[in-house]
Structure formats: C-alpha cells, structure tokens
Amino acid sequence: MQMSKYILKRLLFGVVTLFALAAITFFLMHAIPGSPFAGETSHVPAEIRAKLIEHYGLDKSPTEQFVIYMKNALNGDFGTSLNRKGMLVADIIAMGLPVTAKLGACAFCLAMFMGILLGTIGAFAKHRWVKNAITFFATLGVSVPGFLFALFLMVVFGVLLDWFPLIGLSTWKHYIMPSVALSIGPIANITRLTKSSLSEQLKQDYMILARSKGTGQVLVIIRHALKNAMIPIITSAGPLLATLLTGSFVVESLFSIPGIGAEFVNSVSNRDFTLIMALTIMYGAMIIVANILTDIISAMIDPRIRLK
C-alpha cells in the first residue's frame, strides 16, 4: 500500500512537470522575436505570407495556440514541420529516434558496466598506483569534452590503424567508436560515484563484521557493499539513460549518424516550433520516466526512501 502511494505520487509529479515543461517551452518560443517563415517568405507578397501564418495557426494568440497544440498532442498529433514541408513531426522523430536509441543503449550499457567495474576496483584495490590510475582516468573523463575523444578515436583507430569504419551505423563495428565516445564522460562520472559510495560503505560496521567472518572479498562486494552502494548510482543512471537515448548532436555529426540529435539542433536554429515542441516533450518525458523508474527501484532497495 505504501509503495503504491509512493508510485502514484511520483507519477502525478511527473505529469505536472511535463506539462510545465511544455508550457514554458511553448511560451518562450513565442516570446522570442522572429518567424519560422522569415527566410523563405522574404521575397513573396504579404498576402501569401499572411496565408502561411494563418494556415499554421500562428495568427492566433499564444494561449489559443498552446491549448490547440496540447489537445492535438494528447491525441498523438504533433503537427507538421514548419520548415520541412509535407513531413509530419512524428515521422521525423520515428526516422531518427531508433538510430539514436540503439547507439545510446550501447553507450549506456558500456558506461554502467565499466563505471561500476572501475569504481569497485578503485575502492577495493590495495595498490596505490591502481587507485591513482583510476582517479586520473575519472578526472580526465569529466574534464575533456566528448567530441575530443571522438576525434582521437577517429584519427587513431579509424585512420591510422584502420580498425573501425568512420561513417554510419551499418555493422556492429560502426557502433564501437561512437559508443565509446559517448560513454567516456558517463564512465568517469559513474566510476567516481561508485568509488566514493563503496569507500563510504567500507567504513560501516556490517562490512567489518562480514570480513571478520572470513567471507571472501568478491562475496563481500556482491552481497553487501554493492547492494548498499547502488542507490546513488541508480539515481544517476536514470537521467544518463534518457540523455544517451536522445543522442549527442556533436558525436552524431562527426560519425555522420542520421539520429535525432541533429534534428533538435536544426529545429532550434530554424525556429521550427512544432518540431521543437515535440522533441522537448519527448526528451522531457524520457527524463521524467527514467527518474520515476530510478526512484521506484531505489525505494525497493531501501524502503526508508518511501517515508521521506
């Protein structure tokens, strides 16, 4: 019963947050001067320009436009792109999202596996040089932008060694370099988080008791340390998953990947209101759902969270 109330509260909070995000985005877009037709209608008569504005409902007040848009969005209709004539926004997202999602899923799995592994090694390692090496990698990973790692991988493994292809996502080899480039930063963050969380757990009485009973190091880590150290890792994993699934424009551009990241950037620069709204709602929904799932999983691991 208590868990059901907690889940319902998180779901209601998520719906309110998503509505607020949609409203803020919509009214901010309309507050910025300019028009999505400014470039293409600069040499056409004012009558035709007015017809275009009327056709897309931009002659109505922002409040009316928002109400109409939200009614249509609730029915799954996100309208047509203002810049890519004749293309439904849903179709544009349907073409780019699966590509980005596959790449993001690979990067997420790699980030979680390597981050937890390196963080665990860093926390339990007895040799100082191992701890220093992992700390150095974690610091480097969060300090250097991902696109620099991507360029390094392309030059070394794509050009000099010619081990992996540079463009597209046709085979499994195409996924390796962009996945690594996307996951370097997250790996560093998860490594640092895992290391600090496990180091804190090592000081707890139950860990000292488990070791005093003669339990092996690996069993101590799996049965006791990792379970209790997972809550901050799970909390960070939700937003990370949503971020990676929605793509990185820079990495996608470098590897010529036809994902959704480029669509988001282009929609903002072209003031494509309908596409901006759809992508913002999609991105926000994924972040909210990921956060809700991580909150539920954390509450299942540690029941005290439900009482907060």
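This passage walks through the nonpolar cores, one long helix, the cysteines and the aromatic pairs of a predicted model.

A good place to begin is the interior. The largest nonpolar core holds 27 residues, and Met112, Ile190 and Phe255 make the most contacts inside it. Four helices, α4 (89-124), α6 (146-160), α7 (172-202) and α9 (217-245), each supply at least two residues of this core. Of the helices, α4 gives the most, with seven residues. Met112 shows how distant parts of the chain meet: leaving aside residues up to four places away in sequence, Met112 touches Ile190, Ile233 and Ala237. A second core, separate from the largest one, has 21 residues, and Ala22, Phe66, Val89 and Ala278 are among them.

Helix α4 deserves a look of its own. This helix has 36 residues, and the distance from its first C-alpha to its last is 50 Å, close to the 52 Å expected at 1.5 Å a residue. Even so, α4 bends by about 30° at Leu97, with a proline, Pro98, following within four residues.

The cysteines come next. The structure holds zero disulfides. For Cys106, the nearest cysteine sulfur belongs to Cys109 and is 7.0 Å away. Because a disulfide calls for sulfur atoms within 2.5 Å, the 7.0 Å between the sulfurs of Cys109 and Cys106 is too far for a bond. With 36% relative accessibility, Cys106 is classed as partly exposed, while Cys109, at 52%, is classed as exposed.

Finally, the aromatic rings can be considered. Across the whole structure, a search finds six aromatic pairs. In one of these, the ring centres of Phe27 and Phe66 are 5.4 Å apart and the planes meet at 45°, so the pair counts as tilted. Phe27 sits in helix α1 (residues 2-31) and Phe66 in helix α3 (residues 62-74), so their pairing ties together parts that are 39 residues apart in sequence. The two partners also have their own surroundings: Phe27 is partly exposed at 33% relative accessibility, whereas Phe66 is buried at 8%. Phe66 is also one of the residues of the second core. Phe157 and Trp163 form another tilted pair, with ring centres 5.7 Å apart and planes at 40°. Here Phe157 is partly exposed, at 23% relative accessibility, and Trp163 is exposed, with a relative accessible area of 51%. Phe27 and Phe66 belong to a wider group as well, since one aromatic cluster is formed by Phe19, Phe26, Phe27, Phe66 and Tyr69.

Definitions and conventions. Residues are numbered from 1 along each chain as its sequence is written. This is a predicted model: local features need pLDDT of at least 70, side-chain atom pairs count only at pLDDT 80 or more; totals for chains, interfaces and linings use all residues. Side-chain values use heavy atoms; hydrogens and water are left out. A nonpolar core is a set of buried Ala, Val, Leu, Ile, Met, Phe, Trp, Tyr and Cys residues joined through side-chain atoms within 4.5 Å. Buried means under 20% relative accessible area, exposed over 50%, partly exposed in between (1.4 Å probe, protein chains only). Contact means heavy atoms within 4.5 Å. The expected span of a helix is 1.5 Å times one less than its number of residues. The bend at a residue is the angle between axes fitted to the seven residues ending there and the seven starting there. Rings of Phe, Tyr and Trp (its six-membered ring) pair if their centres lie within 6.5 Å; planes under 30 degrees apart count as stacked, over 60 as edge-to-face and the rest as tilted.
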